[in-house]
Amino acid sequence: MNRIKNRFSFPPQDLDIIKRRMLHWANQGNILLFLDSNQYQHTEGKYECLCAVDASHQIINDDGRFSQIKQHFEQHQDWLFGHINYDFKNKLERLDSNHEAHFDFPDFHFFCPEIVLFISRNEPFLCIESLTRSPDDIWTEIINTNFISDSIVSGKVAFEKRILQDEYLDVIQQLQNHIHEGDCYEINFCNENYAKNSIINPLTVFEELNTVSRAPFAAYYRLKDQYLMCASPERFLRKEGTRICAQPIKGTARRLTDALKDEQQKNELLESIKERAENVMIVDLMRNDLARFCDTGTVMVDELFGIYSFPQVHQMISTISGRLSDSVNLFDALRLSFPMGSMTGAPKVIVMKLIEQYEKARRELFSGTVGYISPEGDFDFNVVIRSLLYNAQSGYLSFQTGGAITYDSVPEQEWEETLLKAMAIEKIFK
C-alpha cells in the first residue's frame with residue numbers, strides 16, 4: 001500500500017513528552033497498539049517506540065497455518081500490528097482451554113493500521129505514515145494534545161488470588177512429582193490475581209505502570225473495550241533480514257536499595273545452579289524451535305546467562321539466533337515457535353497439558369504476544385508478562401504471575417517469586 005509519509009523533528013530532551021502526547025492522541029481510536037522500548041540500549045531493536053492507530057483491515061482468528069495473514073501480507077506488503085493469545089496453541093497443537101474466559105481478545109488478531117507513528121532509536125524525529133490523512137495535520141494534533149492523566153481508579157481495587165498459598169505449595173509438589181516420574185523436566189506454572197467490577201482508567205494505569213516498572217517491551221493495547229497494560233522485560237522473537245533471534249528470561253532476583261547488596265544479588269543470581277539450570281533448559285528448547293526454520297548450522301547461543309537489571313528485579317536473559325531458511329517464510333517462524341518456551345517449559349506439548357490441568361485460570365492474552373510486522377517483512381514480538389488485562393464492559397481486571405518449576409525448586413521460594421513479580425503492579429493501586 002502507498003502511504004503518505006513525513007517526519008517531524010523535536011528537541012531530544014522532549015522525547016518522553018512527545019511519546020505521551022502521541023499516546024494520548026492515539027487513545028481516541030478504538031484500536032491501537034503502542035510499543036515502547038523505554039530507552040533500553042542493551043536490547044536489539046530498531047525503534048524507540050511504535051504506535052498503530054485504527055484499522056483499515058483486520059485478520060481475526062486465523063487458522064493454525066497463518067494462511068489469512070500470509071495471504072494479506074503478500075498482497076499488500078504493509079504494516080501489521082496485533083497479538084496472539086496463549087490459547088492459540090489449541091489450533092497449533094490440537095489442545096484445549098477449558099477454564100472460563102473473561103476477556104474478548106480473539107485468539108489471533110492483527111490489523112493493518114490507518115496511521116503508523118514511530119521514533120527510531122537515537123533519532124529525534126517522529127515519523128508519521130498514513131493511508132488517507134495528512135501527516136502534517138496529525139503532527140499538529142499530536143503536539144497540541146493535552147496529556148494530563150485522570151485518576152487511576154474509581155473506587156477501590158482489591159485483588160484476590162485464584163490459588164491461595166497452601167494450595168499453591170501443594171501444586172508445586174505435584175508438578176515436581178511429574179518431573180520425578182519423567183513426564184517433563186521444567187514447567188511454567190502461573191497464578192491469577194483478579195478483581196471484579198473494577199472501574200479504572202486503562203491509559204493512566206499503563207502510564208503509572210510504565211513509570212514504576214519501565215521495561216524494554218512495554219505495550220499499551222486497546223481493542224475496543226479490551227485493554228492490555230504491559231511492562232514486559234522479555235522478547236519472544238525478532239526478525240531483521242534473514243536473522244531471527246529469541247531472548248528467553250529464566251532467573252529472577254529482587255532488587256535491593258543498598259548498592260553493594262544489590263550487586264551481590266546480581267552475582268548470586270549469575271552463580272545460582274538452580275537458575276542456570278532453568279535458563280539452559282529453555283535455551284535448549286528455543287534452539288530446537290529455531291532449528292525448525294533456520295538453516296542447518298546457523299543456530300547459535302549469542303549470550304548465555306546474561307544478567308540485566310530492571311526497576312524491581314534482576315533477570316537472567318539468554319540470546320539465541322539463527323538464519324531464516326529460504327524454504328520457509330516469516331510466518332513459519334512464528335507458527336513453529338509459538339507459544340514461547342519460557343512460558344511453557346519442556347517438552348512443550350506435555351507441559352501445556354499439565355498447565356491446563358493444574359492452573360485454575362485461562363491465560364488468554366497473558367503469556368501470549370503483541371508486536372508488529374513491518375512492510376519489509378521484519379518483525380518484533382514481546383512476551384506478555386508483568387501485565388494487566390482489563391475488560392471495560394464487565395469490569396474484570398486481572399494479572400498473572402508465576403515461574404519455572406524444576407526438580408530442585410523450593411515451593412516456598414516459588415511462592416515468594418510470584419509475590420515479587422506482582423509487587424510493581426499492586427503498588428499502582430495502593
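Here is a walk through a predicted model, starting at one strand and moving outward to its rings and its surface.

Let's begin with β11, which covers residues 235-240. This strand is mostly covered, with five of its six residues buried. What does β11 pair with? One partner is β12 (residues 243-247), joined to β11 by four bridges and running antiparallel to it. If you want a spot to look for, Glu-240 stands opposite Arg-243 in β12. The two strands make a hairpin with two residues between them, and Gly-241, sitting in that turn, has a positive phi of about 65°. Another partner is β18 (residues 379-382), again antiparallel and again held by four bridges. Here the pair to find is Lys-239, which stands opposite Phe-379 in β18.

Now for the rings. A search of the whole structure turns up 29 aromatic pairs. One of them takes us back to β11: Phe-236 and Phe-338 have ring centres 6.1 Å apart and planes at 70°, so they count as edge-to-face, given that the label applies to planes over 60 degrees apart. This pair ties together distant parts of the chain, since Phe-236 belongs to β11 while Phe-338 sits in the loop between α9 (330-337) and β16 (345-346), 102 residues apart. Are these two residues buried or exposed? Both Phe-236 and Phe-338 are buried.

Elsewhere, Tyr-47, Trp-79, Phe-81, Phe-111, Phe-118 and Tyr-372 come together as one aromatic cluster. Some rings also have an arginine over them. Arg-7 lies over the face of Phe-125, 3.8 Å from the ring centre, and Arg-363 does likewise over Tyr-86, at 4.7 Å.

Finally, head out to the surface. Val-280, Val-301 and Leu-304 make a nonpolar surface patch of about 190 Å². Leu-304 is part of strand β14 (residues 300-309). Why is Leu-304 called partly exposed? Its relative accessibility is 40%, and that class runs between 20% and 50%. Compare Glu-271, in helix α7 (residues 259-271): its relative accessibility is 53%, so Glu-271 counts as exposed. Glu-271 also gives you a contact across the sequence to look at, with its C-alpha 9.4 Å from that of Phe-305, although the two residues are 34 positions apart in sequence.

Notes. Residues numbered from 1 in each chain as written. Predicted model: local features only at pLDDT ≥ 70, side-chain atom pairs only at ≥ 80, totals over all residues. Heavy atoms only, no water. Buried < 20%, exposed > 50% of the residue type's maximum accessible area, 1.4 Å probe, protein only. Patch = residues over 30% accessible without salt bridge, like charges linked within 9 Å, V, L, I, M, F, W, Y side chains within 5 Å. Areas by Shrake-Rupley, 256 points an atom, 1.4 Å probe, with all protein chains shown as cover. Salt bridge = Lys/Arg side-chain N within 4 Å of Asp/Glu carboxyl O. Phe/Tyr/Trp six-rings, centres within 6.5 Å; stacked < 30°, edge-to-face > 60°. Lys NZ or Arg CZ within 6 Å of the ring centre and 35° of its normal. Pairing = 2+ DSSP bridges.
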